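Thanks for sharing this one with me. Here are my notes, point by point, to read alongside the model.

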Protein chains: 2
Amino acid sequence: MDKQTRLLALDWGTTSLRAYRLGDQAQPLECRELPWGIMKLPTGNGGREEAFRQAFFAACEGWLSTTTRHEIIACGMIGSAQGWKEAAYLHCPTSLTELAGQLCQVAISPTVRLSIIPGLAIYGSDPEVMRGEETQIFGILSEDPNATGEHIIGMPGTHSKWALTQRDSVSEFHTFMTGEVYEALRSHTILGVTMQPAQETDWQAFDDGVATAMRQADTGLLSTLFSTRTRLLAGQLSAQQQPDYLSGLLIGHEFIGLRRTLLAKRQTPITLTGNPLLCARYQRAFQQVGGTQPISYSAQATVTGLWQIALRAGLL
Amino acid sequence: MDKQTRLLALDWGTTSLRAYRLGDQAQPLECRELPWGIMKLPTGNGGREEAFRQAFFAACEGWLSTTTRHEIIACGMIGSAQGWKEAAYLHCPTSLTELAGQLCQVAISPTVRLSIIPGLAIYGSDPEVMRGEETQIFGILSEDPNATGEHIIGMPGTHSKWALTQRDSVSEFHTFMTGEVYEALRSHTILGVTMQPAQETDWQAFDDGVATAMRQADTGLLSTLFSTRTRLLAGQLSAQQQPDYLSGLLIGHEFIGLRRTLLAKRQTPITLTGNPLLCARYQRAFQQVGGTQPISYSAQATVTGLWQIALRAGLL
């Protein structure tokens, strides 16, 4: 391993594989993105196990020496039942120390070992699961090690995750399928038929969507969705505005759900992490309707989390 | 026209064309279903106008004589901007008499005239539209001509419509995109990936979906949807149960929206009309959680409505 390299870390999801070579201060020295998520592995003659190996060695090419022991850490769907080796979910509430004590190891060669971070789960009548987001959460918590109270962490995306943390542990979390529902509605319902892509974000249309969700909170999403069409028919919305209106509508409904549950009666600080353009939409929607909670944004939460978990697990 | 025939009536929608030959007492003597909805017209050399004529004459083949004047009535998307001739929406509240006075005529030949029933609309910041369902509504109202108070009419389907009526007029209505959202989620999201078709309706799974919606009403649909997946992962739901669970979840959320708006503080009788299997799902969900409102079911609402509107318009 290059002398500068302190840790190799993988963020291995369903559709992509990101590999990081990190230096002494957790700083990324090199970053690679490969299209080999666990559902899109390279195809060859060796079966699934061989495909994982092939993707792994491609991601780490030139980063491994044959004379050194290598500890590599990974988070995401690689630890699922469809992954390389299943890392069983940890039940919430759980802390960084508990998580770091439950890594699931794969011996890739006599000198190379992969440690997979487990996901988190809540059981009972309304079960919840996450894989990968737990690493982002502990990354964010480590950025403010003196925090003593509650913290809410929002991770918008295909499946948005919202977690409530207490000091260094995750108490509860909720999933909203907002991103995936948006894509399905846009590509496979009458709402998308008339839509035209816009040159840039139409914030007025987005705000109108948020406002409709708030005004019609009681009628609910299944009904307010149809306004994406009727407002076009009524000349209140153009075909170019429909995509951002629908985006605002869905994010507005997600906010309503959060306000009635996780955010209820709390003035807990919120940190968003993920795609910065998407986070900007959430920040705007929350500031438009959400009151006075401070909202900040954090980049690099995954890398920081991978580092912190490796550190706590004694891999560094 | 055959001596027995009193009225030819068409229910001409987006994907299909139903033609009815009705006798003296509005009874259907003959019924045809053709695949020529306005978005699936027969293709030929004559353009769209010719395609409408071709579909029309196929639907009425053998029912028209050349020596008689024929008045034919039609409802549905045939009166939309993409239809044969646009029948402008009537604004609610509106009555049977007002509707029958606004039919939109197409002179098909010197002896054949088509009268298209307009749809209904609500304007303002939350616009609503319907086409075809207004005919079902007036069909149901005419079945109980002595009704003096409020009546709620539910028309489950791709886009469920719920109307509030007062005596013989429609006061307001709401659309829920439940059927189309179900199809999009099932065919184009992770929820559908694991689903297996069931041999018959799994009412326990359906009831569980309704119960989840009720229990998690505040979190909202975007979040509860994910339980279709997590309950599978947790072993609480099988792949065969997932479709009915999701169906119950969506109908449950539709009910929550109605209970907070149209049904709020009302003990108005409810009549359902449409696909009987789908109506049975709604009836079950509403009885499970909805309290004490009487719920009845009406078949043939469209045919009765076409007849009543033709009668009021003086076409009979």
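**Notes on the two chains**

1. In chain A, the C-alpha centres of domain 1 and domain 2 lie 34 Å apart. The domain assignment places domain 1 of chain A at 1–128 and domain 2 of chain A at 175–298. Please keep in mind that this is a predicted model.

2. Chain A has an open sheet of 6 strands, and its pairing is mixed. Reading across, the order is β3-β2-β1-β4-β8-β7. The edges are taken by β3 (28–34) and β7 (104–109) of chain A; each has a single partner strand, so one side of each is left without a neighbour in the sheet. From one strand to the next, the twist averages 20°.

3. Within chain A, you may like to look at the pair formed by β4 (residues 70–75) and β8 (residues 112–116): these strands run parallel and are joined by 5 bridges. A handy place to find your bearings is A:Glu71, which stands opposite A:Arg113 in β8(A).

4. How are the two chains related? Two copies of a chain are related by a rotation about an axis and a shift along it. Here, a turn of 180° with a shift of 0.0 Å along the axis lays chain B on chain A with an RMSD of 0.1 Å. That is the relation of a two-fold axis. Which C-alpha of chain B is nearest the axis? It is that of B:Ala184, 3.0 Å from the axis.

5. Finally, the interface: 100% of the interface residues of chain B are also interface residues in chain A, so the copies meet through the same surface.

Key
Residues are numbered from 1 along each chain as its sequence is written. Chains are lettered from A and ligands numbered from 1 in the order in which they are written. This is a predicted model: local features need pLDDT of at least 70, side-chain atom pairs count only at pLDDT 80 or more; totals for chains, interfaces and linings use all residues. Side-chain values use heavy atoms; hydrogens and water are left out. Two strands pair if DSSP finds at least two bridges between them. Helices (H or I, at least four residues) and strands (E, at least two) are DSSP runs, numbered from the N terminus. Axes are lines fitted to C-alpha atoms, for helices over the stretch in contact, and angles run from 0 to 180 degrees between N-to-C directions. Copies are superposed by least squares on the C-alpha atoms of residues with pLDDT of at least 70 in both. Contact means heavy atoms within 4.5 Å. Domain bounds come from an automatic or database domain assignment.
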